[in-house]
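Q: I would like to learn how to read burial, pockets and surface patches from a set of coordinates. Can we work through one case?

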Amino acid sequence: IVPGYNESKVVGNCVESILASDYPNFEIILVDDGSTDDTLSVMQSFATDQRVQVIGKPNGGKASALNAGIATAHGEILFFVDADGLFTPSAIREMLNGFTSEKIGAVCGNDAPVNLDRIQTRLACIQTHVGTGFVRRALALVNCLPIVSGNIGAFRRSAIEKTGPFLEGFIGEDLELTWRVHKAGYRVNFAPRAVVLAEVPSTVKDLWKQRVRWARGLLQTVRIHKNMMFNLRYGLFGIYLPIIVTSMIIIPLLQLLIVILLPVLAI
């Protein structure tokens with residue numbers, strides 16, 4: 001399921017990369033979320049392939065577009081990817097390999113940076129390798145993986161039917177749905193070899209906007225699921241949630257405060 005709003009420059013490459021996958025049995029649901037450019041026409045150019053279905057709808061936000069795709073899809077595994085993602089040939093097969101048991105409700109893939117043309121994006125690449133190579137692997141082992149990335153994430157249909165679809169009008173829809181999957185008693189796994197290439201913020205301004213958006217999404221999710229915090233009913237995941245808030249909200253604020261105080265300390 002590929003949602004898109006004004007993604008005419010990138011969605012074609014995304015679809016071509018999916019069609020080139022080495023896994024044979026899949027369908028592609030392209031959802032145009034009321035774009036004002038020619039995204040819909042680019043999507044429709046792929047409709048001659050029997051594996052591709054195109055949906056056009058009024059603008060309602062990413063979660064709304066994803067839910068429209070869910071309502072149309074036939075598969076047991078619902079695979080969500082951003083319109084600027086580029087699938088490696090084995091991404092679908094490797095993602096499916098992550099569903100090792102019926103207890104796995106969702107699998108997060110490996111979203112790797114592709115625009116390594118400056119220092120900031122190269123540092124982001126190092127951060128990604130550390131995050132995926134160590135942190136996500138470890139968190140998946142103890143069933144504490146907090147988010148299935150919107151860039152490359154797959155959910156079991158039965159899990160979605162149990163938890164409900166994405167919350168519309170919500171910033172961190174992928175984060176919030178992942179917490180609901182945990183709350184429903186499913187495990188969330190990580191598939192490191194399921195690689196989708198995507199651009200990361202290349203300017204400080206774009207990076208700041210991304211991190212602020214992530215923080216807002218986290219705070220909204222905490223407000224909805226505050227009863228999971230410190231709750232042993234959810235195992236280690238309930239204990240880990242306060243650590244997420246600390247590392248994603250409190251520590252960055254302290255770091256920002258330190259930067260502001262540096263001139264004073266220097267004097």
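Q: Does aspartate 33 count as buried or exposed, and why?

A: Keep in mind that this is a predicted model. Burial is read from relative accessible area, with under 20% taken as buried. Aspartate 33 has 3% relative accessibility, so the residue counts as buried. Aspartate 33 belongs to strand 2.

Q: How far apart are the C-alpha atoms of aspartate 33 and glutamine 50?

A: Separation along the chain and separation in space are read as two numbers. Here aspartate 33 and glutamine 50 are 17 residues apart along the chain, and 22 Å lies between their C-alpha atoms.

Q: Why does leucine 254 count as partly exposed?

A: The class between buried and exposed runs from the 20% cut-off to the 50% one. Leucine 254 has 48% relative accessibility, so it falls in that class. Its place is in helix 9, residues 236-266.

Q: Which residues make the nonpolar surface patch of about 860 Å²?

A: Leucine 254 is one of them; the others are Ile250, Leu257, Ile258, Val259, Leu261, Leu262, Val264 and Leu265.

Q: How many residues of helix 7 are buried?

A: Burial can also be counted over an element. In helix 7, residues 173-183, 10 of the 11 residues are buried, and the helix is mostly covered. Among the buried ones are the charged residues Glu173, Asp174, Glu176 and Arg180, along with Leu175, Leu177 and Trp179. Just after helix 7, glycine 185 has a positive phi of about 95°.

Q: How many cavities of 30 Å³ or more are there?

A: A cavity is a space where the probe fits but cannot get out. The count is one, and the volume of this largest cavity is about 70 Å³.

Q: Which residues lie nearest the centre of the largest cavity?

A: They are Leu66, Phe80, Gly150, Phe166 and Asp174, out of 14 lining residues. Helix 3 (62-72), strand 4, strand 7 (152-156) and helix 7 each give at least two residues to the lining. By class, the lining has seven nonpolar, three polar and four charged residues.

Q: What is the volume of the second largest pocket, and which residues are closest to its centre?

A: The volume is about 410 Å³. Of its 20 lining residues, Asn25, Phe26, Glu27, Ile77 and Phe79 are the closest to the centre. Strand 2 (28-33), strand 4 (77-81) and helix 4 (91-97) each contribute two or more lining residues, with the largest share, four residues, coming from strand 4. This lining has 15 nonpolar, three polar and two charged residues.

Technical notes. Residues are numbered from 1 along each chain as its sequence is written. This is a predicted model: local features need pLDDT of at least 70, side-chain atom pairs count only at pLDDT 80 or more; totals for chains, interfaces and linings use all residues. Side-chain values use heavy atoms; hydrogens and water are left out. On a 1 Å grid over the protein atoms alone, a cavity is a set of points where a 1.4 Å probe fits but cannot get out, and a pocket is an open set with protein on both sides within 12 Å along at least five of seven lines; lining residues have an atom within 4 Å of a point. Grid points are joined across faces, edges and corners, and a volume is the space filled by probe spheres set on the points. Patches are made of residues with over 30% relative accessible area and no salt bridge: like charges are joined within 9 Å, nonpolar side chains (Val, Leu, Ile, Met, Phe, Trp, Tyr) within 5 Å. Accessible areas come from the Shrake-Rupley method with a 1.4 Å probe; for residues, only the protein chains shown count as cover. A salt bridge is a side-chain nitrogen of Lys or Arg within 4 Å of a carboxyl oxygen of Asp or Glu. Buried means under 20% relative accessible area, exposed over 50%, partly exposed in between (1.4 Å probe, protein chains only).
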